[in-house]
Amino acid sequence: MKSAWIERDAEATVACGAKSGIDRDLALRVYTTRLLGRDPKLVLHGGGNTSLKTRMRDRFGDEVEVLWVKSSGVDMATIEPEGLVAVRLAPMRKLRALNAIDDGELVGIERANLVDPAAPNPSVEMILHAFLPHKFVDHTHATAVLSVIDQPDGEKNCTDIFGGRLAFVPYLMPGFGLAKTAIEVFERALQCEGLILSKHGIVTLGETAREAYERMIEMVSRAEAFIARNRKGVAVAYASRNLAGEAQVAPIVRGACSEKNAAVEGAWRRLILEFRGGEAVLNFVNAKDLDRLAHAGVITPDHTIRTKNWPLILSAPENGKLDDFARAARERACQFAGHYHDYFARHNKRVGGIKHALDPLPRVVLVPGLGLFGLGRTKQDAVVGADIAEAWIEGVSDAEAIGRFESISEADMFDCEYWPLEQAKLGARTELPLAGQIVAVTGAGGAIGAATAKTFAAAGAEVALLDVNFSAAAQQAERIGATALPVACDVTDAESVRTAFDKIVKNFGGVDIAVSNAGAAWQGRIGEVDDDVLRKSFELNFYGHQRVAQAAVKIMLAQGTGGCLLFNISKQAVNPGPNFGPYGIPKAAALALMRQYALDYGSDGIRANAVNADRIRSGLLTPDLIASRAKARGVSEKDYMGGNLLQREVTADDVAQAFLHQALKLKTTADVTTVDGGNIAAAMR
Ligand SMILES: [Zn+2]
């Protein structure tokens, strides 16, 4: 590992800060915090923090000594000066005189001493920074350091590798107690350049930003060199080659790792998946003693809130035996939940029964021969889980390559997992109605499809936007957010639909709701229309729905957690327009198709509904067409668009809301919802 300090960049950060009144020390604090945060071998998803001690004038013009420290949950890689908060240092140092302090009281005292009372909470490890005397303090959970210290003889390794330059602090849970012990250790080794926090991480100290940062790089490099010098091979078991791929395996894993919602009949708590199958992951999941390694615990305590303490281990998914794999996966996931309940009950009793159990679902699933899945309530959480799982695999593998990996005790893991200050890192979240669900929308580049994808994403779902025009889908996906997935899909081509759904499954792990919306209009007097025109329309407006529904149902059955099919059938399905047979007839068949799915798959918990919409501004009803139709009828465009019983224009958003309503109503199937402002001739009868 090399120092990434570039003098020119450092000075540019200082110059940029100066423009908004940021002083040199603080600007350089931001600069090296970013350098640390950008290297995943040093810092992953909030696993680290930095600080600076300096003087500043408060609101009253008085000069005070302050600690600038990273605020809790801020990403170090992209931190700005606002990501650091200033706390009055003197009262923080006084806390050392206390023997112990309640977490809530500590946070209260910290908040009462913020220079800006509206600032966010400082890092949970702030008090450790406050007690140490150095101007710059850097703390990371560098993977290589964890590999050498997460050992039965971690302290000896620390002496051998760092030669007394880092003092060794025995394991204590992060917080006030650890900070007190750390400063006592430091005061017995005043010349040290930093600390090793046993089974947790490393702290480096400096009088300048560069000194603290480059000490971190030097110490982590020493750990890396030690691992490289002392590495032994790790035994890998034979892995069968005839294995199913992740697209077949993911829905089974996802279904097994779902939980029935006991309070709402038909509802499930589901998770989103992120797959990883690189060489290091494969070597680990194929290891001979995978069971021991995987149950050895976390590499640093704060990982437990993202990955839980242990992963779920499944068997290798052999081709042609996926039913056996699915049965075993469900059994093992059930055992995992049982063990988690026992673990919670055991330790909750120890702490006086004051904790509330988190859900018992795994956050990391290991599949021999294939790789690992990170699981989370959102795609972003799943990615974080998978990143941490990869770092964990690297940490454990390297620890085993030079000795024997040893984690903290189960009780210590519980105390961290259920520490309110750790849970606060995840942020207060309002559970949205479709959290954990995956929605595929066809025709998502168009008005109704785009509005539907946006509406479902706002309701908490992860969305895949399918369209024959990929760039239209990509444009809409970008508007929704980073995890929205655009997919090229021609619903008139079976292979294209298969490929598109494989892509969705590989990206998210499955599908829960399919909104089959893609369509186009053809006209012609039915007795004279060319067969080709009718067939073309059937390919898109009937078979398109069938291909999409079939692909979605296959995945839903593999998950075994129900699902929902939603069809855009248009008013033509029930109220044909003159010379519009080529469009209306396949739409009428699509209505029958919806009813057939409702009938055939109700017992699997899969619902099927349709929306019968009319006169929506879209790719079918363009501004030119609206103008010409209005003119032909001798009415204004506004009156033409509002030509219904309620005299209100119906929008793509209204259709999207109807689809959302049908998705949320767990006891509604074979339903047609009319969204047309009132048209008695098109009313369902
Ligand atoms: Zn830490």
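Is Ser516 buried or exposed? Select Ser516 in your viewer and keep that question in mind while you look around. The model you have open is a predicted one.

**Stop 1: Ser516**

Ser516 is buried, because its relative accessible area is 4% and buried means under 20%. Colour strand S17 next, since that is the strand in which Ser516 is found. Now show side chains and pick His545: the side chains of Ser516 and His545 make a polar contact at 2.6 Å. What else is in contact with Ser516, leaving aside its neighbours within four places in sequence? The list consists of Thr442, Gly544, His545, Val548, Leu566, Phe567 and Asn568.

**Stop 2: the sheet around Ser516**

Stay with Ser516 and look across to strand S18, where Phe567 stands opposite it. Select residues 513-516 for S17 and residues 563-568 for S18; these two strands pair in the parallel sense over four bridges. In general, strands of a sheet pair through backbone hydrogen bonds, in either a parallel or an antiparallel way.

Switch to the cartoon view and widen the selection. How many strands form this open sheet? There are seven, in the order S16-S15-S14-S17-S18-S19-S20, and the pairing is parallel. At the edges you will find strand S16 (485-488) and strand S20 (671-675), each of which pairs on one side only. As you walk from one strand to the next, the twist averages 20 degrees.

Add helix H19 by selecting residues 470-480. This helix lies across strand S15 (462-467) and S16, and runs at about 160 degrees to S15.

**Stop 3: two loops that follow the strands**

Follow the chain out of S18 into the loop before helix H22 (581-601), and click on Ser570 there. Ser570 is not a glycine, yet its phi is positive, at about 65 degrees. Ser570 counts as buried because its relative accessibility is 7%.

Then go to the loop between strand S19 (606-613) and helix H23 (623-633), which is the place of Arg615. Arg615 also has a positive phi, of about 55 degrees, although it is not a glycine. With 21% relative accessibility, Arg615 counts as partly exposed.

**Stop 4: the zinc ion**

Which residues are the protein donors of the zinc ion? Select Glu125, His139, His141 and His200: the histidines donate through NE2, Glu125 is listed twice through OE, and the donors lie 2.1 to 2.6 Å from the ion. Along the chain, the donors follow the spacing E-x13-H-x1-H-x58-H. Glu125 and His200 link distant parts of the chain, being 75 residues apart. To find them, look for Glu125 in the loop between helix H4 (103-112) and helix H5 (126-131), and for His200 in the loop between strand S6 (194-197) and strand S7 (201-206). Glu125 counts as buried at 8% relative accessibility, and His200 counts as buried at 1%.

**Stop 5: Leu128, in helix H5**

Now move to helix H5 and select Leu128, which lies in it. Leu128 is buried, with a relative accessible area of 5%. Leaving aside neighbours within four places in sequence, Leu128 is in contact with Ala179, Ala182, Leu197 and Val203. Try your distance tool from Leu128 to Arg292: these residues are 164 apart in sequence, and their C-alpha atoms are 34 Å apart in space.

**Stop 6: the nonpolar cores**

Which residues touch the most other members of the largest nonpolar core? They are Ile196 and Leu366, in a core of 66 residues. Colour helix H9 (residues 209-230) too, as this helix gives the most to the core, with 10 residues. Centre the view on Ile196 and show what it touches beyond four places in sequence; among these residues are Val145, Ile149, Phe162, Val169 and Ile202. A second, separate core has 65 residues, including Val253, Val511, Ala552 and Val553.

**Last stop: Leu28**

Finish in helix H2 (residues 24-37), where Leu28 is found. Leu28 counts as buried at 10% relative accessibility. Not counting residues up to four places away in sequence, Leu28 touches Trp5, Ala10, Val14 and Ala209. For a final distance, pick the C-alpha atoms of Leu28 and Glu11: they are separated by 8.3 Å, and the two residues are 17 apart along the chain.

Methods: Residues numbered from 1 in each chain as written. Predicted model: local features only at pLDDT ≥ 70, side-chain atom pairs only at ≥ 80, totals over all residues. Heavy atoms only, no water. Pairing = 2+ DSSP bridges. Axes fitted to C-alpha atoms, helices over the stretch in contact; angles between N-to-C directions. Contact = heavy atoms within 4.5 Å. Donors = N, O, S within 2.8 Å, 3.2 Å for Na, K, Ca; no water. Buried < 20%, exposed > 50% of the residue type's maximum accessible area, 1.4 Å probe, protein only. Core = buried A, V, L, I, M, F, W, Y, C linked by side-chain atoms within 4.5 Å. Polar contact = N/O pair within 3.5 Å; in protein donor to acceptor, adjacent residues only side chain to side chain.
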